[in-house]
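Morning, everyone. Please have a look at the model on the screen. I'll start with two residues and then move outwards.

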There are 2 protein chains.
Amino acid sequence: MLMTGETLQALPGFGDLDADTFDAVEAISRMIDVPGDAVVCRQGSAPDALHYLLDGRVTLSQVAGNGDVALIDVLEPVRGIDLANVVTGQAHQVTARALTPSRLLELSAAPLRELIGRRPSLATTMLRGLSFDMTAVTRHIIDLKLRTATQRLGHYLLRLAANATSNRADFRLPLRKGLLAELIGCRQENLSRAFAVLRDCGVETHGSRVILHDIDRLRCYALPDSQAPGQTSGLSKSAEAFSNAFNLR
Amino acid sequence: MLMTGETLQALPGFGDLDADTFDAVEAISRMIDVPGDAVVCRQGSAPDALHYLLDGRVTLSQVAGNGDVALIDVLEPVRGIDLANVVTGQAHQVTARALTPSRLLELSAAPLRELIGRRPSLATTMLRGLSFDMTAVTRHIIDLKLRTATQRLGHYLLRLAANATSNRADFRLPLRKGLLAELIGCRQENLSRAFAVLRDCGVETHGSRVILHDIDRLRCYALPDSQAPGQTSGLSKSAEAFSNAFNLR
């Protein structure tokens, strides 16, 4: 098992901190394990900690005034959780909930903000983290605007198969289909239709099991706009590199 | 006309800077006026300046590998432009282009980053700005996921009527309809259908002129999920408050 310091060292941007700042951050950090369905932070409440997801999956959602719940994202390791509001001390705009048992690194919010106010290197680390989050949500908007629901589903399946070393992949969906429909931004009946359409691209499903028989064909269909084959997601790649390096998953 | 210092003083977070830091920021700032269609920053290029939109309108878009252009947002004053990448020095993820003749405050990027690295108060100002941007894009995702294209159009019209003091508003669309469809995230033919549906909520159009005969009814239709009547957009409100206070528009 990793110690807090080793984990912190491996978080994007934290390895560059000067030793004093690093020690100060380590002193306010701890590893926690939460069960599935645990609320990590709640919309409307003042942030008391910054959490980094190290292992597991966490949903971000927002409840509207009429009770509608919008699933904004399903975070995969390694990601900061609602960094934007923790560092500014504003109330959480979203609720983060563990979808599976999850391991988190928890940094106390008030001393963290105090440190950010005194240590420019830490502020820079936080700016990088927020910049990373902005890139992720901007991609999400583009996904919603430029792609059909079927293409978005294909894109999602490709991300799950990001580690595939051949043109074929075989895995289980990590989300139940209702949640997957919300993530993709479509109704559940349209999700079934989307899976049916993707059969022509070699996508076979049995319950939650998915087999991709032709990743290249799926990529051509789902990501006609990608910059280059294989570059489906720079974001998942850096998270993946981190996870692999530390054998967190 | 406002001087650079006065404008800077009024930008969110800049008024709180200590005098030394403020002077250092002012020394690397200047006001510029750009014509319509001017490129403020270009996707893929290294940031050379941070721009704040003070007057006018700026589009943010991203070109995909296959040439598809996604319009991500149309910025209204007062907003930082691609703050996320300027402060980290990463290549711009988006192209920002003036939709109308626009006035910008321009801060040189390299000395700005150098200052951020030495002055924690400036780093905090930037963190707040990025946090504001994150809130805006998160709302955009929710808009795309929870609302129909017709509701999104209604929401947009309500934002344009945010200053209305009665239940009625009469204004011109600031965007041509093709661009409006892209912003809403629908095809142009669906935009016409959406305007037709909104007639039942008292929305009358003549070319680019729009008359809202019943703002309350439109709000009930377009924002059934809003937290409270009138709270359609905290973001536009704070920008609005800034603009009104300084009579920038």
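Take Phe14(A) and Tyr52(A): buried or exposed? Both are buried. Keep in mind that this is a predicted model.

Now, how do Phe14(A) and Tyr52(A) pair? Their rings meet edge-to-face. The centres are 5.6 Å apart, and the planes stand at 90 degrees.

Where do these two residues come from? Phe14(A) is in the loop between α1 (4–10) and α2 (19–27) of chain A, while Tyr52(A) belongs to strand β3 (residues 49–55) of chain A. The two parts are 38 residues apart in sequence, so the aromatic pair ties them together.

Over to chain B. Phe14(B) and Tyr52(B) also make an aromatic pair, edge-to-face, with 5.6 Å from centre to centre and 90 degrees between the planes. Phe14(B) sits in the loop between α1 (4–10) and α2 (19–27) of chain B, and Tyr52(B) in strand β3 (residues 49–55) of chain B. Again the parts are 38 residues apart in sequence, so this pair ties them together.

Why do we call Phe14(B) buried? Because its relative accessible area is 0%, and the cut-off for buried is under 20%. Tyr52(B) has 8% relative accessibility, so Tyr52(B) counts as buried too. How many aromatic pairs are there over all chains? Two.

Next, a charge and a ring. In chain A, the charged end of Lys177(A) sits over the ring of Phe195(A), 5.0 Å from the ring's centre. In chain B, Lys177(B) lies over the face of Phe195(B), and here the distance to the ring centre is 5.1 Å.

Now the interface. How many residues does each chain bring to the contact? Chain B brings 46 residues, and chain A brings 46 residues. Together the chains bury about 3600 Å². Of that area, 71% is on carbon and sulfur atoms.

Which three residues of chain B supply the most buried area against chain A? They are Leu127(B), Ile141(B) and Lys145(B), with 19% of what chain B buries there.

What about polar links? The rule finds zero salt bridges across the interface of chain B and chain A. It does find 14 residue pairs in polar contact there.

Last, the elements. On the side of chain B that touches chain A, at least two residues each come from β4 (58–63), β5 (69–75), α3 (83–88), α5 (120–146) and α7 (177–184). Which one gives the most? That is α5(B), with 19 residues.

That's my tour. Over to you.

Terms used. Residues are numbered from 1 along each chain as its sequence is written. Chains are lettered from A and ligands numbered from 1 in the order in which they are written. This is a predicted model: local features need pLDDT of at least 70, side-chain atom pairs count only at pLDDT 80 or more; totals for chains, interfaces and linings use all residues. Side-chain values use heavy atoms; hydrogens and water are left out. Rings of Phe, Tyr and Trp (its six-membered ring) pair if their centres lie within 6.5 Å; planes under 30 degrees apart count as stacked, over 60 as edge-to-face and the rest as tilted. Helices (H or I, at least four residues) and strands (E, at least two) are DSSP runs, numbered from the N terminus. Buried means under 20% relative accessible area, exposed over 50%, partly exposed in between (1.4 Å probe, protein chains only). A charge sits over a ring if NZ of Lys or CZ of Arg is within 6 Å of the ring centre and within 35 degrees of the ring normal. Contact means heavy atoms within 4.5 Å. Buried area is the accessible area (1.4 Å probe) that two parts lose on being put together, summed over both. A salt bridge is a side-chain nitrogen of Lys or Arg within 4 Å of a carboxyl oxygen of Asp or Glu. A polar contact is a pair of N or O atoms within 3.5 Å; within protein, one must be able to donate a hydrogen and the other to accept it, and residues adjacent in sequence count only if both atoms are side-chain atoms.
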